[in-house]
Amino acid sequence: MNLNIDAITAYPAYIPVDLTFGPLQSKTALSCAVVEITTADGAVGHGFTAITDEEVIVGIVRDLVAPNLLGMNALDRERIAERLYWLMTPRGQTGYASHVASAVDLALWDILGKVTGQPCWRLLGGARSEVPLYVTFGFGSLDRDQLGEAARHLKTDGVTRFKMVVGHHGLQRRNEGADIRSILREDVERVRVVREAIGEDCELYVDANCSLDASSARTLCDRLAEFDISFFEEPVRDNDAGRLQDLRRQTGMRLAAGQNEGHLSRFATLIDSGAVDVIQPNAVICGGFTAASKVAALAQARNVEMANGGAFPFHNMHLHAGLAHGGLVEWHLISVEMCKALYSDLPERRGSTLALPETPGLGFVARPDALRDFAARGGSRGVGKG
Ligand SMILES: [Mg+2]
């Protein structure tokens, strides 16, 4: 079988999403890029990346990546990852490169699965056929009452682990007059509403998306202590390893970070410095399963937990099911709805668990009409929209 790469095409997409919690409805949108790789004998794989500028990704794939990878064997994932590293990040640069590498690597794993007739999670190691989920539902667009209503609705649907955002772009909004102290006060009340809605037995996680300075993050950790937070994700700007380390020691809060990292050395720093309790390589951002597996090995060697952060459960479920050191997968409701617009045959959540498909490759199918349709509508020109 001739598995030499014959074509690489990238599609940008900006996808409107309607969220529904019983009678409650909320509108938002999310952007992404899908990379399609075709081999000489017609095997096709689809990779994916997001939380970046999709138009930049498409330009890099078209003008830099495709001309350099054509003719290479699609199963040579390490060779291809090395070529991409020296092509895009020869001085350790960070940024768009790891998003591109992720989309390419996931497409190669999809091809590997299809030509061997095996799902990616089993090719990664087949540690378990079902993964535990937490559900990210508590977005900033919901007011306090809506948060409580959404949490109660999800609990009746069998959800036992809940994540909500805090911080609300506090540092970014300072120049617009935002007062971080009032944001923190409101955060405490929002967390109180959710904790009361879900009861004591459910797990509750919070995520500041790097929106706080170290002092504000410490204040929030102290004020949230009474609500039994299972982990606080990305509390400080830049995921500064030194400040995260301080925060853990000062407050005892369990911290999680890593969803937007792209270099192994950054993951090693977060793990070895004691900055995090939970490391969060995201397969659609860190360089695909090839890179994420290496992060998992670093974390396992240092007894640091691993969990999905940064959304996109349908790709990350393979990592956490495949590897013995896998952990929680993030059922991020906006990203789930977005993927439903792009793919068919997606697996369904049952309460707080997800059973892995036996379908070869990633196990779901990119709809060609949707890729072309969303690409034709153009992107959002913004990083991390949604
Ligand atoms: Mg996050």
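Me: What volume does the second largest pocket have, and what makes a residue part of its lining?
Reply: Its volume is about 230 Å³, taken as the space filled by probe spheres set on grid points joined across faces, edges and corners. A pocket is an open set of points on a 1 Å grid over the protein atoms alone, where a 1.4 Å probe fits and protein lies on both sides within 12 Å along at least five of seven lines; lining residues have an atom within 4 Å of a point. There are 14 residues in this lining, and Thr 20, Trp 331, Leu 333, Glu 337 and Arg 349 are the closest to the centre. Strand S1 (5–21), H5 and helix H12 (333–342) each supply at least two lining residues.

Me: What is the model, and how are its residues numbered?
Reply: The model is predicted, with local features needing pLDDT of at least 70 and side-chain atom pairs pLDDT 80 or more, while totals for chains, interfaces and linings use all residues. Numbering runs from 1 along each chain as its sequence is written, and side-chain values use heavy atoms, without hydrogens and water.

Me: Why is strand S5 called largely enclosed?
Reply: Buried means under 20% relative accessible area (1.4 Å probe, protein chains only). In S5 (residues 161–165; strands are DSSP E runs of at least two residues, helices H or I runs of at least four), 5 of the 5 residues are buried, so the rest of the structure largely encloses the strand. Arg 161, Lys 163 and Val 165 are buried on one side, Phe 162 and Met 164 on the other.

Me: How do you know that S5 pairs with S4 and S6?
Reply: Pairing needs at least two DSSP bridges between two strands. S5 has 3 bridges to S4 (residues 130–138), in parallel, and 5 to S6 (residues 203–207), also parallel. Val 135 stands opposite Phe 162, and Val 165 opposite Asp 207 in S6. From S5 the chain crosses through helix H6 (residues 180–198) to S6, a right-handed β-α-β crossover.

Me: What makes Asp 207, Glu 233 and Gln 259 donors of the magnesium ion?
Reply: Donors are N, O and S atoms within 2.8 Å of the metal (3.2 Å for Na, K and Ca). Asp 207 (OD), Glu 233 (OE) and Gln 259 (OE1) coordinate the ion at 2.0 to 2.2 Å, so they meet that limit. Glu 233 is in strand S7 (residues 229–233) and Gln 259 in the loop between strand S8 (255–257) and helix H9 (264–272), so this pair ties together parts 26 residues apart in sequence. Both Glu 233 and Gln 259 are buried.

How values were computed. Buried < 20%, exposed > 50% of the residue type's maximum accessible area, 1.4 Å probe, protein only. Right-handed = clockwise from strand over helix to strand, strands pointing away.
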